[in-house]
Amino acid sequence: MQKFWWRWLLVLVALAGALVAANHNRTQQGTQAAHFVNSTTPTLFFHGWGSSYHAEQQMANYARSHEVTTTIVRADVAKDGQVTWYGRLTPGARNPIIEVNLQNNKSVKPGASSIVDAYANSSQYVLAVMRAVKAKYGFTKVNMVAHSMGNLQVYYYLKAHGQDRSLPQIQKLVDLAGHWNGLVMEPGATTVTLAGNGRPSIMLPQYQGLLRLRQTFPRQIDVLNVYGNSKNNTDGTVPNVSSRSLRWLVAGRAHSYQEQVIEGPGGQHSQLHENKAVDQLLVRFLWQK
C-alpha cells in the first residue's frame with residue numbers, strides 16, 4: 001500500500017512539473033509574440049536567378065519559429081503568369097508570409113540583347129503576383145523581401161507600376177544581394193566608384209533603365225538594403241558598389257533608406273538567405289514594434 005501511494009505521488013509531481021513547464025513555455029511564447037506587430041499585411045518573398053521558393057524557407061521558417069507568424073503559404077507562378085496557391089491563408093492571419101516560386105526562374109537570359117527589356121518582361125511575374133494577392137485575398141498593402149534577380153524584377157515592376165494605386169502598395173522592402181549596377185563578371189562593374197551622394201561613376205544599362213525611379217519611387221516605402229562582403233568588397237557574385245548604387249536611385253524619395261553589410265563567409269551571395277544574422281535583421285525591420 002505504501003509503495004502504491006508513493007507511485008501516485010511521483011505521478012502527481014511529474015504532472016505538476018509538466019503543467020508548470022507548459023505554462024512557462026506559453027508565457028515565453030506570448031511574451032515573444034508581443035514584441036511584434038499584429039498586422040494582416042502579408043510579406044512576399046521573391047527568389048533569385050535559377051532558384052526557387054526553397055531559398056526563402058530559411059527566412060520564413062525563422063520568422064515562424066520566433067512567433068512572428070503561424071501562416072506561410074506559397075504562390076506558384078507559371079511561365080504564362082498564372083498563379084496557383086498552396087497552403088491556407090485565413091482571413092485575419094497575423095503577419096502572413098507568401099513564398100513566391102517562379103517556374104521560369106531563368107527569365108533573364110545572360111547576354112540578352114536588351115537587358116532593360118529582359119528585366120521589364122521578367123517583372124511581369126511580380127505584377128501577376130500582386131494582382132493575384134489583391135484578387136484572392138483583397139490585400140491593399142504588402143511587404144517584400146527579394147534576393148538577387150528578384151530585386152531587379154521588383155524594381156522594374158516599381159518603375160512600371162509603382163504609381164498604380166489599384167495594386168497593393170509596398171510598405172517595407174528588403175533587398176538582399178541586389179545587383180542594380182552589374183555583376184562581378186560584367187565589364188566595368190568592379191571599377192565603379194560612388195560619389196559622396198551615392199551616385200555611381202559608371203551606370204550600366206540595367207541601372208540606367210531604372211533612373212526614372214529617382215522621380216517616381218513610392219514615398220511610403222521603407223527600404224533595407226542588405227549586401228555581403230565575403231571577399232574583396234564583393235559577395236563573390238555582386239560588387240558591393242553595385243548593391244550600394246541603390247541609394248542614389250531611391251534614398252531621396254523613400255520614406256526611409258538604410259544599408260547593412262554582412263561580413264565574412266556568411267556574406268557570400270547565396271548564403272545571405274541562409275544566414276541567421278540576416279534573419280534577425282528581417283524580423284526587426286519588418287515586424288518588430
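**Entry 1: helix α4**

I started just past a helix: Gly138 comes right after α4, and its phi is positive, near 75°. Note to self before going on: this is a predicted model.

Next I checked the length of α4, which covers residues 124-137. I took 1.5 Å a residue for its 14 residues, which should give a span of 20 Å, and the C-alpha atoms at its ends are indeed 20 Å apart. So the expected and the computed span agree.

Which residues of α4 are buried? I wrote down Tyr125, Val126, Leu127, Ala128, Val129, Met130, Ala132 and Val133.

**Entry 2: α4 against α5**

I then looked at how α4 meets α5. Their axes come within 8 Å and cross at roughly 70°. That angle makes α4 roughly perpendicular to α5, because 65 to 115 degrees is the range for that word.

Which residues make this contact? From α4 I listed Gln124, Val126, Leu127 and Met130, and from α5 I listed Gln153, Val154, Tyr157 and His161. Sorted by class, the contact has five nonpolar residues, three polar ones and no charged ones. I noticed that Val126, Leu127 and Met130 were also on my list of buried residues in α4.

**Entry 3: the sheet**

On to the strands. A general reminder for myself: strands of a sheet pair through backbone hydrogen bonds, and they do so either parallel or antiparallel.

Here eight strands make an open sheet, and I read the order as β3-β2-β4-β1-β5-β6-β7-β8, with mixed pairing. The edges are β3 (83-86) and β8 (256-263), each of which pairs on one side only. On average, neighbouring strands in this sheet are turned by 20° against each other, if I ignore direction.

I began at the β3 edge. Strand β2 (residues 72-77) runs antiparallel to β3, and four bridges join the two. For one example of a partner, I found Ala75 bridged to Trp85 in β3.

Then I looked for helices lying on the sheet. Helix α5 (residues 149-161) lies across β1 (43-46), β4 (97-102), β5 (141-147), β6 and β7. Its direction is at about 150° to β6. Helix α10 (residues 276-287) packs on the sheet too, and it touches β1, β4, β5, β6, β7 and β8. For α10 the angle with β6 is about 165°.

**Entry 4: strand β7**

I gave β7 its own entry. How many residues of β7 are buried? Eight of the eight are, so the strand is largely enclosed by the rest of the structure.

I checked both faces separately. On one side Asp222, Leu224, Val226 and Gly228 are buried, and on the other side so are Val223, Asn225, Tyr227 and Asn229.

Both neighbours of β7 run parallel to it: five bridges join β6 to β7, and eight bridges join β7 to β8. I picked out one facing pair on each side. Leu173 stands opposite Val223 in β7, and Val226 stands opposite Gln260 in β8.

**Entry 5: two positive phi values**

After Gly138, I wanted positive phi values in residues other than glycine. Ala177 has one, near 55°, and Asn233 has one, near 60°.

Where do they sit? I found Ala177 in the loop between β6 (169-176) and α6 (205-208). Asn233 is in the loop between β7 (222-229) and α8 (240-244).

Is each one buried or exposed? Ala177 is buried, because its relative accessible area is 0% and the cut-off is under 20%. Asn233 is exposed, because its value is 52% and the cut-off for that is over 50%.

**Entry 6: His179**

I stayed in the loop between β6 and α6, where His179 is found as well. His179 counts as buried, with 5% relative accessibility. Leaving out residues up to four places away in sequence, what does His179 touch? I noted Tyr119, Ser148, Met149, Leu152, Val238 and Ser242.

**Entry 7: Glu56**

My last stop was Glu56, which has its place in helix α2 (residues 54-65). Glu56 counts as buried, at 1% relative accessibility.

I listed what Glu56 touches, again not counting residues up to four places away: Phe45, Phe46, His47, Glu99 and Val100. I also looked up Glu274, which is 218 residues from Glu56 along the chain. The C-alpha atoms of these two are separated by 8.5 Å.

Technical notes
Residues numbered from 1 in each chain as written. Predicted model: local features only at pLDDT ≥ 70, side-chain atom pairs only at ≥ 80, totals over all residues. Heavy atoms only, no water. Buried < 20%, exposed > 50% of the residue type's maximum accessible area, 1.4 Å probe, protein only. Contact = heavy atoms within 4.5 Å. Expected span 1.5 Å × (residues − 1). Pairing = 2+ DSSP bridges. Axes fitted to C-alpha atoms, helices over the stretch in contact; angles between N-to-C directions. Parallel < 35°, antiparallel > 145°, perpendicular 65-115°, else oblique. Nonpolar A, V, L, I, M, F, W, Y, C, P; charged D, E, K, R; others polar.
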